[in-house]
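Here's a quick briefing on a few side chains and how they pack. Have a look at the model first, then read on.

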Amino acid sequence: RWPGVPLMAKPSQRAIKDRNSKRYIRLRAVFRRKCEQVQAPCHLCGQPIDYGIPAGEDQAWECDHFHPVRTHPELYEEPNNFRPSHKGCNASRGDNPVVPTLGPPSEEW
């Protein structure tokens with residue numbers, strides 16, 4: 001739970017499908033501001049996100065759900081399930097589980 005964001009009734013199936021509940025839109029905006037403040041990278045590819053790119057473009061910031069909404073609709077409005085991503089990375093992942101990566105190598109091989 002985030003301070004200043006009240007608990008609300010469970011969102012409708014339509015709101016989940018369309019990603020348009022007022023609470024989700026508000027939570028997503030708060031999450032984006034926090035990501036932008038710390039310049040959070042994409043949790044899927046690890047690359048920086050240019051927060052100035054307009055929404056809709058592949059390299060633009062997008063709110064990803066670590067546990068997909070299709071399989072975990074109860075986590076749709078749960079900020080702890082939000083992750084920063086590029087729109088293209090999020091679209092490529094779809095509803096597949098997040099595949100952990102080892103990160104960048106510590107030295108050139």
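**Asp64, the cysteines and the core**

The side chains of Asp64 and His43 are joined by a polar contact of 2.7 Å (a pair of N or O atoms within 3.5 Å; within protein, one must be able to donate a hydrogen and the other to accept it, and residues adjacent in sequence count only if both atoms are side-chain atoms). Keep in mind that this is a predicted model, where local features need pLDDT of at least 70, side-chain atom pairs count only at pLDDT 80 or more, and totals for chains, interfaces and linings use all residues. Residues are numbered from 1 along each chain as its sequence is written, and side-chain values use heavy atoms, with hydrogens and water left out.

**Around Asp64**
- Asp64 sits in strand β1, residues 61-65 (strands are DSSP E runs of at least two residues, helices H or I runs of at least four, numbered from the N terminus).
- With 3% relative accessibility, Asp64 counts as buried (under 20% relative accessible area, 1.4 Å probe, protein chains only).
- Beyond four places in sequence, Asp64 touches residues including Leu44, Asn81 and Arg93 (contact means heavy atoms within 4.5 Å).

**Cysteines**
- There are 0 disulfides in the structure (cysteine sulfur pairs within 2.5 Å).
- The sulfur of Cys63 is 7.6 Å from its closest counterpart, in Cys35, so the two are too far apart for a bond.
- Cys35 is buried at 4%, and Cys63 is buried at 7% relative accessible area.

**Nonpolar core**
- The largest nonpolar core has 14 residues, and Phe31, Cys35, Tyr51, Trp61, Cys63 and Phe82 have the most contacts inside it (buried Ala, Val, Leu, Ile, Met, Phe, Trp, Tyr and Cys joined through side-chain atoms within 4.5 Å).
- Helix α2 gives the most to this core, 4 residues.

Note on methods: Buried < 20%, exposed > 50% of the residue type's maximum accessible area, 1.4 Å probe, protein only.
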